[in-house]
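Reader: Mind walking me through this one? I'd like to start with the ligand and what sits around it.

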Amino acid sequence: MHQRLEQALCEFLGVRHLSLFNNCTIGLITALQALRINGEVITTPYSFVATAHSLLWNGITPVFVDIDPETLNIDPDRIEAAITPRTTAILAVHCYGTPCDVDRIREIASRYNLRVIYDAAHAFGVTCHCGSVLQHGDLSVLSFHATKVFNTFEGGAIVSATPEMKRHIDQLKNFGFVDEVTVTSPGINGKMNEVQAAFGLLQLRDMGQSIARRQRVDGAYRQGLWGLTGIRCLPEPAWGQGNFSYFPILVEPGYALTRDELYDFMKSRGVHCRRYFYPLISAFPMYRGLPSSRHVNLPVAERVAQQILCLPIYPDLPETTVARIIDLIARKL
Ligand SMILES: *Cc1c(COP(=O)(O)O)cnc(C)c1O
């Protein structure tokens with residue numbers, strides 16, 4: 001089942017080399033091990049905390065760089081200023097499935113001889129100007145957690161650029177075994193189990209339809225929220241195929257409530273929105289003492305973290321419920 005799912009995902013995603021994992025976090029930790037990353041790594045504070053935790057678990061110092069106000073991904077204009085002699089890699093996130101500026105990042109990385117790893121937890125099935133966004137960087141790491149577009153309850157995968165790298169990662173996820181009696185690296189147990197893989201194969205059958213149904217919800221939200229003062233949606237995917245995994249809105253000063261007031265109000269009416277991503281990773285105790293965590297370094301991320309609200313989105317979300325959520329936000333109910 002494991003091998004069949006790897007094959008099926010390669011076909012579905014349009015990638016050549018994919019290794020299944022028991023979750024994305026172990027995948028990120030293993031990806032950093034596979035490339036022997038150390039020293040400092042440039043990353044974004046605007047992500048799920050596992051992104052930076054994977055660096056700490058490898059003894060690496062995260063260096064946070066502010067985000068672009070439109071894409072909410074790491075701002076390529078600010079990467080170079082954060083590079084030091086200790087920098088070895090860039091760990092970027094395709095936030096909400098919006099592709100990073102992969103060309104600029106590749107260009108900077110090659111100029112400074114840095115590795116690039118993408119936390120692609122949100123980017124299942126996303127394409128950009130030249131096919132799957134997962135083909136960029138040295139490695140891309142997916143999450144198949146239950147909250148993601150494609151899930152195996154818990155799960156993940158690493159996409160590699162070469163068969164040699166896939167083989168190395170397959171060894172690392174299996175304790176470092178090369179054959180029955182030979183262990184060549186300090187591997188981990190990162191394998192996806194057979195039951196999860198079987199579930200993934202079943203789920204993959206409906207993926208096209210599931211993404212199409214999410215797209216309809218996305219469209220209904222955009223139409224219903226259009227023109228509402230103080231509520232801003234992110235741009236529609238213009239780069240290629242999105243996966244509609246999240247529906248983030250920014251609650252800006254023109255709106256009647258603050259983001260937290262709107263969050264509480266919606267919750268009181270039984271609508272559970274999520275503040276992804278708040279607090280910023282750089283605000284958590286193990287990161288906030290870093291020089292790059294200072295407020296002056298991250299003005300855009302700090303503002304967005306105060307304004308962001310992700311609305312419910314899933315394939316069977318009924319049209320009537322979407323309409324009710326829009327009416328609640330428009331303060332008609
Ligand atoms: C969900 C998520 C992860 C962690 O994935 P797991 O499979 O739960 O370990 C990492 N990074 C981002 C951006 C995520 O959204």
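Reader: How many residues surround the ligand, and which are the closest?

Author: Keep in mind that this is a predicted model. The shell around the ligand splits into 4 nonpolar, 8 polar and 2 charged residues. In total 14 residues surround the ligand, and the closest are Thr-25, Asp-119, His-122, Ser-143 and Lys-148.

Reader: Which helices each supply at least two residues of that shell?

Author: Two elements fit that description: helix H2, which spans 24-34, and helix H3, which spans 50-56. So the names to note are H2 and H3.

Reader: How far is a nitrogen atom of the ligand from an N or O atom in the side chain of Asp-119?

Author: Let's go through the polar partners. An oxygen atom of the ligand lies 2.9 Å from a polar backbone atom of Cys-24, and an oxygen atom of the ligand is 3.2 Å from a side-chain N or O atom of Lys-148. For the ligand nitrogen and the Asp-119 side chain, the distance is 2.7 Å.

Reader: What share of the ligand's accessible area does the protein cover?

Author: On its own, the ligand has 390 Å² of accessible area. The space it takes is the largest pocket. The protein's cover of that area comes to 92%.

Reader: Why does Gly-208 count as partly exposed?

Author: Gly-208 is in helix H7, residues 207-225. Partly exposed covers the range between under 20% (buried) and over 50% (exposed). Gly-208 falls in that range because its relative accessibility is 47%.

Notes
Residues are numbered from 1 along each chain as its sequence is written. This is a predicted model: local features need pLDDT of at least 70, side-chain atom pairs count only at pLDDT 80 or more; totals for chains, interfaces and linings use all residues. Side-chain values use heavy atoms; hydrogens and water are left out. A residue is near a molecule or strand if one of its heavy atoms lies within 4 Å of it. A polar contact is a pair of N or O atoms within 3.5 Å; within protein, one must be able to donate a hydrogen and the other to accept it, and residues adjacent in sequence count only if both atoms are side-chain atoms. Accessible areas come from the Shrake-Rupley method with a 1.4 Å probe; for residues, only the protein chains shown count as cover. On a 1 Å grid over the protein atoms alone, a cavity is a set of points where a 1.4 Å probe fits but cannot get out, and a pocket is an open set with protein on both sides within 12 Å along at least five of seven lines; lining residues have an atom within 4 Å of a point. A molecule sits in a cavity or pocket if more than half of its atoms lie within 2 Å of its grid points. Helices (H or I, at least four residues) and strands (E, at least two) are DSSP runs, numbered from the N terminus. Ala, Val, Leu, Ile, Met, Phe, Trp, Tyr, Cys and Pro count as nonpolar, Asp, Glu, Lys and Arg as charged, and the others, Gly among them, as polar. Buried means under 20% relative accessible area, exposed over 50%, partly exposed in between (1.4 Å probe, protein chains only).
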